[in-house]
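Please open the model in your viewer and keep the selection panel at hand. The tour below goes from one selection to the next and says what is there.

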Amino acid sequence: MSSAFNENGIFNNQKKRLNFIALIFSVICLLIIARIFFLQVINGNYYYYLAKNNATRIMYLPAPRGYILSNAGKIMVDNESSFNIAVTIAHAKSLKRELHLIASMFHKKYSRLYKIVKKEEFIPDYDSIVLIRNLSIKNLSIFEVNKLYLPGFFIEKIPIRHYKYGDMGAQIFGYVGLVSSEQLKEKKYSYVNPSDIIGETGLEYYYQKYLHGKDGEKRVVVNSFGKTEGKVVVEQPKMGDNIYTTLNLTLEKLAYKLMKNKEGAVIAMNPNNGKILAMVSTPSFNPVYFSKGISTKEWDKIINNDEHPLQNKAIQNSMAPGSTFKIVGALAGLETHLITPDKKIFAGPTFKLGDAVFYNWNPNQDSKINLYTALEESVDTYFYSIAVRLHISQIAYYAHLLGFGKKTGVDLPAENPGFIPTRKLVYKVYHRRWYKGSTLSSIIGQSYVSVTPIQLIEAYSAIANGGYLYRPYIVSRIVSSSGRIVKQIKSRLIRRIKLKRSYVKAIKKGLYEVVNGKNGTATNGRIRGISFCGKTGTAQIISKTYSIYDAKYIPRKDRDNAWFVGFAPMNHPKIAVVILEMHAKFLGAHAAVVAKKIVEKYLEQKGMWKPSLKKRKNNKNKNLPSFIYTSF
Amino acid sequence: MKLSDNIKNFDFILFFTVIIIAFLGIVNLLGSLSLNHHELLNSYVMKQIIWFGISFFVMFAIISIDYNTLIDIAYYIYGIVLILIIIVLIKGKISHGASRWISLGLFTIQPSELMKIALILALAKYFTNAKKKYYKLTDLMIPFLIIIIPVLLIAKEPDLGTSLIVFFVGCIIVYLAGIKRVSMAIALFFVMVVLPVIWGHLKTYQKSRILIFLHPAKASLGAGYNIIQSEIAVGAGRILGDGFRRGSQSVLNFLPAKQTDFIFSTYAQQFGFIGSIILIGLYFILIIRGFKIVYNTKRLPAFLLGSGALFIITLHTVINIAMAIGLLPVVGVPLPFFSYGGTSLIVDISAVAILLNISMRRYKYQSG
């Protein structure tokens, strides 16, 4: 067969065109291989991760939080179970019928239950919806009995925080809450999963890392419709570590009882190592509201309370220390040789500085007195005559030595550093010039001077133990749920203050006279047979002056703050206490009574003190044989 | 010419390459099944095996008829397929928003797919009869109609993928047949002018597919989801692959059209870069053999028909893979011998059969 098509001229041209197309396809082929190489070899791991992510759903099983215990191992904060009724829609038989049943069993509105379910209509089959929260035990048993009629419905057990002593110590323990989306972004919460509970304040916050535990995981492989494929892999959660505090439960309870209807704070501490024995801030609140989901009403009540229940006044509230600050003045006077303990100085009812007149709190003061009397009777004019010859930076120096003006470093969040004025600092912070008169006010703990209760107890402990400034602390060890010691916390000496022994002795003697002297300001704090030392303080919180100060006629908010800080016994102190009563009806002397009761209780515990015979007779404890008492 | 000569000239390499690819295709289809699909007989795999049986029957039927005879009856075949397309358009079965199928009881066929073969036969016949060295635009009115009528009808179904393949294959044959360069330039210019008009007539989903191809990340949950899931599947295979039936993207149905348009992604996740290269290598052997057959033929009808068959397979392969890896927008084009689907399998097998047919009879006309 021969035809025109066999002519080579035509055919060569057409084959050239075929070659050209082949070339184009070769290039495309190379592009394809390059692209596959890019996807699978260069970026393979990235896409592998994306594919696994596509297919795996992870549900977190929250770990139970660790407990918070007293120094003797008594549980103060643990977890209890909250029971919810939940439903897995995919497993329900006739959802509407069962919802009606649930509604009638627990007296709920069907329409409300239906709405909850309807909202989650497209929930995947491995996930469930919570219908009713915080089921009572009675309702729990009702559900269990009727379980057969409710396929797909089940009881979901959720650990919630339980505060065994309610309001007591609420600010110290702190409260927990659902982690927020902002917190989730923070690096320190990298181990926290959405819908986890975390500590928001107090120890719950400070030791969150330990208390939290390790969340478990439920891994499910799902297809693109959200249906479960294959096995569910469960990794059980690991409970958080238990926190052993230094708190003495008996003292804590007593302190809270004594302060319950007042606004203020109490700290009891071992002055020889900084262990906090009790810490109370009042008024308080019940942190359980936060773990069960606080209602707006409760929240408003707490937030709008002008006595700030959420605030831990023991460490966060910084205010004028009043006369309790006089140990700084005494120390400064002694160290700068302006005074000696025994040298008598004239102290009148007023002190004149130029045109200004500074008053003594007791207008009847008019004699030469030594340091002991000055402390015993808290004579302001004695200290004015020291202050007038000192520079404010000298007072600040000794205040700083005793730990004022700086956070103590206690293991609780949001501690207030207080404020110790110097010329520079006052100008920087308040944009005000320094007047000599402010130096005089400063030495009696007024003007710009501001301290927290915990700073006061830290400083008085240092005086009590002869110059060792310890960091106060509240957690002594952290133990894992299996009993392994995770962390042992030892007391930390901040500094050894080099004080002349005779000076320390003199100040301590003065503090002894405050409680035990004839004219002491805290004589109602006396403890039989115990050398209880301390100092009262009254801090004016307003500049307004009432012609006659009588708390009964003054609005609560304008009343002075009352302080008492002390330790016992004088020579080998076992306990230090600070009491702050804000806007108190009675002043420092009354605070001393609170302190006395705490000290008595502690020393009784230590076997160093026994209640008086008279008191013991009133004791209704009939279990003990009476001959024990008669031996005293 | 004796039968024994035909067997002697049979291209066994081409044939067995197809067999190997088909075998891999069945394995891959098995690997694509969801984990809870245990009813194997009802599955795609059994149907596809039956389709292979049918298509090999078709293949031997085509091989046994001289390709010249096929070209002789080309217009009738073309006419019948065109009528079938019109029937589909008029009362097609609605499926996936498209009317493409004619039901034949147990199976359905897609006339638009068959048009690919009908078209190359018809064009081969036209240019064989025209006997010109070069063609001006005015000479090309009839081939233009032969191409454009089915292209428009198929696009109307709507089946953009098939329509484009028919169009490209037609153009390639016209180009190879000898269109003048000037005429080609004019035609290209005309296409440029018409493109915006075509864009205006596209369905919304077709437009969005093209737009998404340009910005896939913008619509990861919308239509761009397809491209992204496909790329994830391919990439996740890494070098060695996740293993047979371990391609999570297809097993867990994240990959849409995992047995048809995105069958390559299903394969790539299971068998990795090594597997992908092996598969592409097999297609490369197939196409090179086809190219050799076409290149060596001494007759224009064989050359044009063979080229048409070759480019049906080539375009299918290249467009399907390029689409799966995000190099081209998503259009419904099957991967030859791999994608699930009877009609497309028959079309690709027919194309191979045409190449084998030409190869077998290459000496018949040389000596004659």
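A charged patch, as the word is used here, is made of residues with over 30% relative accessible area and no salt bridge, with like charges joined within 9 Å. Please keep in mind throughout that this is a predicted model.

**First stop: a charged patch on chain A**

Select A:Lys108, A:Lys109, A:Arg112 and A:Lys115, which together form a surface patch of positive charge. Of these, A:Arg112 sits in helix H4 of chain A, the helix that covers residues 110–119, and with a relative accessible area of 61% it is exposed. Because the cut-off for exposed is over 50%, the 61% of A:Arg112 places this residue in that class.

**Second stop: salt bridges in chain A**

Over all chains, the count of salt bridges comes to 13, and the next selections show some of them. Begin with A:Glu98 and A:Arg97, a salt-bridged pair whose closest N and O atoms are 3.9 Å apart. Is each partner buried or partly exposed? A:Glu98 is buried, its relative accessible area being 0%, whereas A:Arg97 is partly exposed at 48% relative accessibility.

Now select A:Glu204 together with A:Arg161, where a salt bridge brings the closest N and O atoms to 2.8 Å. A:Glu204 belongs to helix H8 of chain A (residues 202–206) and A:Arg161 to strand E5 (residues 153–163), so this pair ties together parts that lie 43 residues apart in sequence. Colouring by accessibility would show A:Glu204 as buried, with a relative accessible area of 0%, and A:Arg161 as buried too, at 2%.

**Third stop: a loop residue in chain A**

Move to A:Ile474, which is placed in the loop between strand E17 (468–471) and strand E18 (475–479) of chain A. Although it is a loop residue, A:Ile474 is buried, with a relative accessible area of 0%. Which residues does A:Ile474 touch, leaving aside those up to four places away in sequence? They are A:Ile172, A:Leu203, A:Tyr244, A:Thr245, A:Thr246, A:Leu247, A:Ile276, A:Asp411 and A:Leu412. If you also select A:Ser491, you will find that its C-alpha is 10.0 Å from that of A:Ile474, with their positions 17 residues apart in sequence numbering.

**Fourth stop: chain B as a whole**

Show chain B alone, where 16 helices and 3 strands can be traced. Buried residues make up 55% of its 368 residues, and its accessible surface comes to about 15800 Å², of which 72% belongs to carbon and sulfur atoms. Among the contacts in chain B with a separation of 6 or more, 75% come from residues 24 or more positions apart.

**Fifth stop: a helix residue in chain B**

Within chain B, select B:Val174, which lies in helix H8 (residues 160–177) and is buried, with a relative accessible area of 12%. Beyond residues up to four places away in sequence, B:Val174 touches B:Phe127, B:Leu140, B:Ile147 and B:Ile179. Add B:Pro143 to the selection: B:Val174 and B:Pro143 are 31 residues apart in sequence, yet their C-alpha atoms are 7.8 Å apart in space.

**Last stop: a salt bridge in chain B, and a return to chain A**

Select B:Lys132 and B:Asp139, which form a salt bridge with their closest N and O atoms 3.1 Å apart. Here B:Lys132 is partly exposed, with a relative accessible area of 38%, while B:Asp139 counts as buried at 17% relative accessibility. To finish, return to chain A and select A:Arg65, A:Arg161 and A:Glu204, which are joined into one network by salt bridges that share partners.

Notes
Residues numbered from 1 in each chain as written. Chains lettered and ligands numbered in written order. Predicted model: local features only at pLDDT ≥ 70, side-chain atom pairs only at ≥ 80, totals over all residues. Heavy atoms only, no water. Patch = residues over 30% accessible without salt bridge, like charges linked within 9 Å, V, L, I, M, F, W, Y side chains within 5 Å. Areas by Shrake-Rupley, 256 points an atom, 1.4 Å probe, with all protein chains shown as cover. Salt bridge = Lys/Arg side-chain N within 4 Å of Asp/Glu carboxyl O. Lys, Arg positive; Asp, Glu negative; His and termini not counted. Charge placed at Lys NZ, Arg CZ, Asp CG, Glu CD. Helix = DSSP H or I, 4+ residues; strand = E, 2+ residues; numbered from the N terminus. Buried < 20%, exposed > 50% of the residue type's maximum accessible area, 1.4 Å probe, protein only. Contact = heavy atoms within 4.5 Å.
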